[in-house]
Amino acid sequence: GDFLELSSPAGTDRSEIDLMGVAEGVVELLRMEAENGGVVLVLDGAGCIVRADPASVRRAVINLVRNAIQASPSSGTVRVRVGPDGGQGLIQVSDEGPGVDEGLGERAFDAFVTTHAQGTGLGLALVRRVAEEHQGTVSLANREGGGAVSEFRLAAAGCGKGGT
């Protein structure tokens with residue numbers, strides 16, 4: 001499924017969506033998966049409107065949050081933060097896992113590159129494709145104090161203090 005999604009054209013159903021609404025849906029979808037691994041999901045931030053394909057953005061955020069859950073130790077926390085950042089809408093996902101292998105670098109976003117025994121190596125490639133097709137960016141780095149942080153950014157149509 002991931003391979004077919006990666007090789008197919010991007011969703012063209014562009015509309016104004018609230019990134020906080022996307023993040024809330026993803027957190028609810030993955031909450032049980034996280035709890036089964038002893039991981040706590042925390043969501044905070046503000047509403048932020050972007051013009052994007054809702055299904056593509058949702059899939060990208062699912063991949064980022066699922067990666068963070070899988071990287072986190074039992075009793076770890078995955079934080080999802082949404083909001084405006086420099087004229088862009090930002091979804092930031094941080095975990096308390098081992099962090100990003102320094103030798104991996106930008107290759108983490110290449111197809112078939114994975115550090116998970118059960119992984120296909122297509123999740124982050126899909127996230128990058130979605131970001132690029134929406135004139136956005138995605139990054140992955142080590143977090144100060146341990147763990148990793150990924151940032152998914154799209155051009156904002158309107159961000160503010162609203163949201164939940």
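Start by selecting E28, which counts as exposed at 53% relative accessibility. The model on screen is predicted.

**Stop 1: E28 and R31**

Keep E28 selected and add R31. The two form a salt bridge, with their closest N and O atoms 3.2 Å apart. Both belong to helix α2, where they sit three residues apart, or about one helical turn. In an α-helix there are 3.6 residues a turn, so residues three or four places apart point the same way. R31 is partly exposed, at 27% relative accessible area.

**Stop 2: the whole of α2**

Select residues 19–36, the extent of α2. The end C-alpha atoms of α2 are 26 Å apart, in agreement with the 26 Å that its 18 residues should span at 1.5 Å a residue. Look along the helix for a kink of about 45°, centred on L30. L30 is also one of the buried residues of α2, along with L19, M20, V22, A23, V26, V27 and A34.

What covers these buried residues? Show β1 (15–18), β2 (40–45), β3, α3, β4 and β5, which are among the elements that do so.

**Stop 3: from α2 across to α3**

Select E33 and R66. They make a salt bridge whose closest N and O atoms are 2.9 Å apart. This pair links distant parts of the chain, with E33 in helix α2, R66 in helix α3 and their positions 33 residues apart. Neither side of the pair is buried: E33 is partly exposed at 29% relative accessible area, and R66 is partly exposed at 27%.

Now select all of α3, residues 54–71. Its 18 residues reach 26 Å from the first C-alpha to the last, close to the 26 Å expected. Colour its buried residues: S56, V57, A60, V61, I62, N63, L64, V65, A68 and I69.

**Stop 4: the core**

Which residues have the most contacts inside the largest nonpolar core? Select V57, V65 and F152; the core they belong to has 34 residues. At least two residues of this core come from each of α2, β3 (48–52), α3, β4 (77–85), β5 (88–94), α4 (123–133) and β7 (148–159).

Centre the view on F152. Apart from its neighbours within four places in sequence, F152 is in contact with V57, A60, V61, L64, G89, L90, I91, V127, V130, A131, T137 and V138. Of these, V57, A60, V61 and L64 also appear among the buried residues of α3.

**Stop 5: S150**

Move to S150, which lies in strand β7. Is S150 buried or exposed? It is buried, with a relative accessible area of 6%. Not counting residues up to four places away in sequence, S150 touches L64, I91, Q92, V93, S139 and L140.

**Stop 6: D85 and R153**

Select D85 and R153. Their salt bridge brings the closest N and O atoms to 2.4 Å apart. D85 is in strand β4 and R153 in strand β7, 68 residues apart, and the pair links distant parts of the chain. D85 counts as partly exposed at 31% relative accessibility, whereas R153 counts as buried at 15%. Add E151 to the selection: a network of salt bridges links D85, E151 and R153. In the whole structure there are five salt bridges.

**Stop 7: two loop residues**

Select S75, found in the loop between α3 and β4. Its phi is near 75°, a positive value in a residue other than glycine. S75 is exposed, with a relative accessible area of 64%.

Then select Q135, in the loop between α4 and β6 (137–142). Q135 is not a glycine, yet it has a positive phi of about 55°. At 63% relative accessibility, Q135 counts as exposed.

**Last stop: zoom out**

Show the whole protein as a cartoon. How many helices and strands does it have? There are four helices and seven strands, which follow the pattern α-β-α-β-β-α-β-β-α-β-β along the sequence. Of the 164 residues, 43% count as buried. Among contacts with a separation of 6 or more, 73% are between residues 24 or more positions apart. Switch to a surface view to finish: the accessible surface comes to about 8100 Å², and 50% of it belongs to carbon and sulfur atoms.

Terms used. Residues are numbered from 1 along each chain as its sequence is written. This is a predicted model: local features need pLDDT of at least 70, side-chain atom pairs count only at pLDDT 80 or more; totals for chains, interfaces and linings use all residues. Side-chain values use heavy atoms; hydrogens and water are left out. The expected span of a helix is 1.5 Å times one less than its number of residues. Buried means under 20% relative accessible area, exposed over 50%, partly exposed in between (1.4 Å probe, protein chains only). A nonpolar core is a set of buried Ala, Val, Leu, Ile, Met, Phe, Trp, Tyr and Cys residues joined through side-chain atoms within 4.5 Å. Contact means heavy atoms within 4.5 Å. A salt bridge is a side-chain nitrogen of Lys or Arg within 4 Å of a carboxyl oxygen of Asp or Glu. Accessible areas come from the Shrake-Rupley method with a 1.4 Å probe; for residues, only the protein chains shown count as cover. The bend at a residue is the angle between axes fitted to the seven residues ending there and the seven starting there.
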